[in-house]
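Work through the following exercises with the sequence and the coordinates open. Each task is followed by a solution in steps.

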Amino acid sequence: MLRRYYANRYFFLMLLPVIVYFAVFHYTPIYGVLMAFQDYKILKGISGSTFVGFKYFRELFSGLYFVPVLKNTLIINAYKLIFGFPAPIVLALLINEVMRPAFKKLVQTISYLPYFLSWIVLSGIFIEILSPSRGMINIMLMQLGFKPIFFLASTDWFRTVLVSTEIWKGIGFSAIIYLAAIAGINPDMYEAGDVDGISRLQKIWYITLPSISPVIVIMIILTSGSIINDDFDQIFNLLNPNVSSVGEVISTYTYVEGISKMNYSYAAAVGLFKNVVALIMVITANFIARKFSDHTIF
């Protein structure tokens, strides 16, 4: 066993930067979780701050603002999960059905390019596109005889904008995972389908989808934790006071409490609660997947 490790020592050296990254930026900061159980003071530090137990967790659930924020987070992320999870699967199936390789590569490239743009850039673009006075969409609506819609200032439309823009940004990149899974399907299965005379739609339903189902199950398990982990960059750059009642989420609430108000212990309690719930969601999804299939993470 040791000889095999020694023979592959250079591969382990290539893995070393990844290990250092996770150790420095993911595991070492876990020490800061203690702030959630302390009356943290910057000058005293974590080791010198007073231990207060679950004081801030009690404030968390008895406060007037956290429950609405939690509700917004769950609703927005539930919409993203319901509408956003199937989207890359559908796109991957459609791209796979394209017969011309050049056109297939073009569609795939165009679809995943938005993933590499930051939300700071995209938020500015969407603010202009959705502007009630000069936005392209509202100009088209007015040309058709409709009144302009204040998309980013309307409580009826803001969540729709969040979900649709999130899907548009990530659909192409997420589809790569399913395209890779589709590429691994044995071509003989499709040839057997041709012999049986099944249609292309039947091939997708009876061959492609069952073949990539292990990947779909694993992605569902991994995505289940995001039901409470919102996209701070997107919401922070699009949020405004007019829609805070439906758009304020845990990450933006934590930012206000921790950075703006310097209530570090309370913000740490919020963050710890969110991570614990995400862990429970992943474990639960894995348990359910184990009951109905053989494809799980652990």
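Helices here are DSSP runs of type H or I with at least four residues, numbered from the N terminus. The model is a predicted one.

**Exercise 1. Place Gln108 and describe its surroundings.**

Step 1. By that definition, Gln108 belongs to helix H7, which covers residues 101–112.

Step 2. Buried means under 20% relative accessible area, and exposed means over 50%. Gln108 is partly exposed because its relative accessibility is 21%.

Step 3. Leaving out residues up to four places away in sequence, Gln108 touches Ile95, Ile176 and Leu179.

Step 4. Gln108 and Lys203 are 95 residues apart along the chain, and their C-alpha atoms are separated by 22 Å.

**Exercise 2. Compare the span of helix H5 with the expected one, and determine which residues are buried and which are exposed.**

Step 1. H5 runs over residues 66–84, 19 residues in total. From its first C-alpha to its last it reaches 26 Å, close to the 27 Å expected at 1.5 Å a residue.

Step 2. The buried residues of H5 are Phe66, Val69, Leu70, Asn72, Thr73, Ile76, Asn77, Lys80 and Gly84.

Step 3. These residues lie on the same side of H5, because the arc they cover around the axis is only 160 degrees. An α-helix has 3.6 residues a turn, so residues three or four places apart point the same way.

Step 4. The other side of H5 holds the exposed residues Lys71, Ile82 and Phe83.

**Exercise 3. Find what covers the buried residues of helix H15, and examine the residue that follows this helix.**

Step 1. In H15 (residues 250–260), the buried residues are Ile250, Ser251, Thr252, Tyr253, Thr254, Glu257 and Gly258.

Step 2. Their cover includes H5, helix H13 (232–238) and helix H16 (264–292).

Step 3. Met262 follows H15 and sits in the loop between H15 and H16.

Step 4. The phi of Met262 is near 55 degrees, a positive value in a residue other than glycine. Most residues other than glycine have a negative phi.

Step 5. Met262 counts as exposed because its relative accessibility is 53%.

**Exercise 4. Analyse three salt bridges: Asp39 with Lys41, Glu97 with Arg200, and Asp194 with Lys203****.**

Step 1. Searching the whole structure gives six salt bridges. Side chains of opposite charge can pair when their charged atoms come close.

Step 2. For Asp39 and Lys41, the N to O distance is 3.9 Å. The cut-off for a salt bridge is 4 Å, taken between a side-chain nitrogen of Lys or Arg and a carboxyl oxygen of Asp or Glu. Asp39 is partly exposed at 25% relative accessibility, and Lys41 is partly exposed at 42%.

Step 3. For Glu97 and Arg200, the closest N and O atoms are 2.9 Å apart. This pair links distant parts of the chain: Glu97 is in helix H6 (residues 86–97) and Arg200 in helix H12 (residues 200–224), 103 residues apart. Glu97 has a relative accessible area of 23% and is therefore partly exposed. Arg200 is also partly exposed, at 44% relative accessibility.

Step 4. For Asp194 and Lys203, the N to O distance is 2.3 Å. Asp194 is partly exposed, with a relative accessible area of 47%, whereas Lys203 counts as buried at 14% relative accessibility.

**Exercise 5. Describe the largest pocket and its lining****.**

Step 1. Rolling a probe the size of a water molecule over the atoms shows where empty space is left. The volume of the largest pocket is about 760 Å³.

Step 2. The lining has 24 residues, of which Glu166, Gly170, Ser174, Thr223 and Ser226 are the closest to the centre of the pocket.

Step 3. H5, helix H10 (158–183) and H12 each supply at least two lining residues. H10 gives the most, with nine residues.

**Exercise 6. Locate Ser123, decide whether it is buried or exposed, and list its contacts****.**

Step 1. Ser123 is part of helix H8, residues 119–129.

Step 2. Its relative accessible area is 5%, so Ser123 is buried.

Step 3. With neighbours within four places in sequence left aside, Ser123 is in contact with Asn237 and Leu238.

Key
Residues are numbered from 1 along each chain as its sequence is written. This is a predicted model: local features need pLDDT of at least 70, side-chain atom pairs count only at pLDDT 80 or more; totals for chains, interfaces and linings use all residues. Side-chain values use heavy atoms; hydrogens and water are left out. The expected span of a helix is 1.5 Å times one less than its number of residues. Buried means under 20% relative accessible area, exposed over 50%, partly exposed in between (1.4 Å probe, protein chains only). The arc is that of the directions from the helix axis to the C-beta atoms. Contact means heavy atoms within 4.5 Å. On a 1 Å grid over the protein atoms alone, a cavity is a set of points where a 1.4 Å probe fits but cannot get out, and a pocket is an open set with protein on both sides within 12 Å along at least five of seven lines; lining residues have an atom within 4 Å of a point. Grid points are joined across faces, edges and corners, and a volume is the space filled by probe spheres set on the points.
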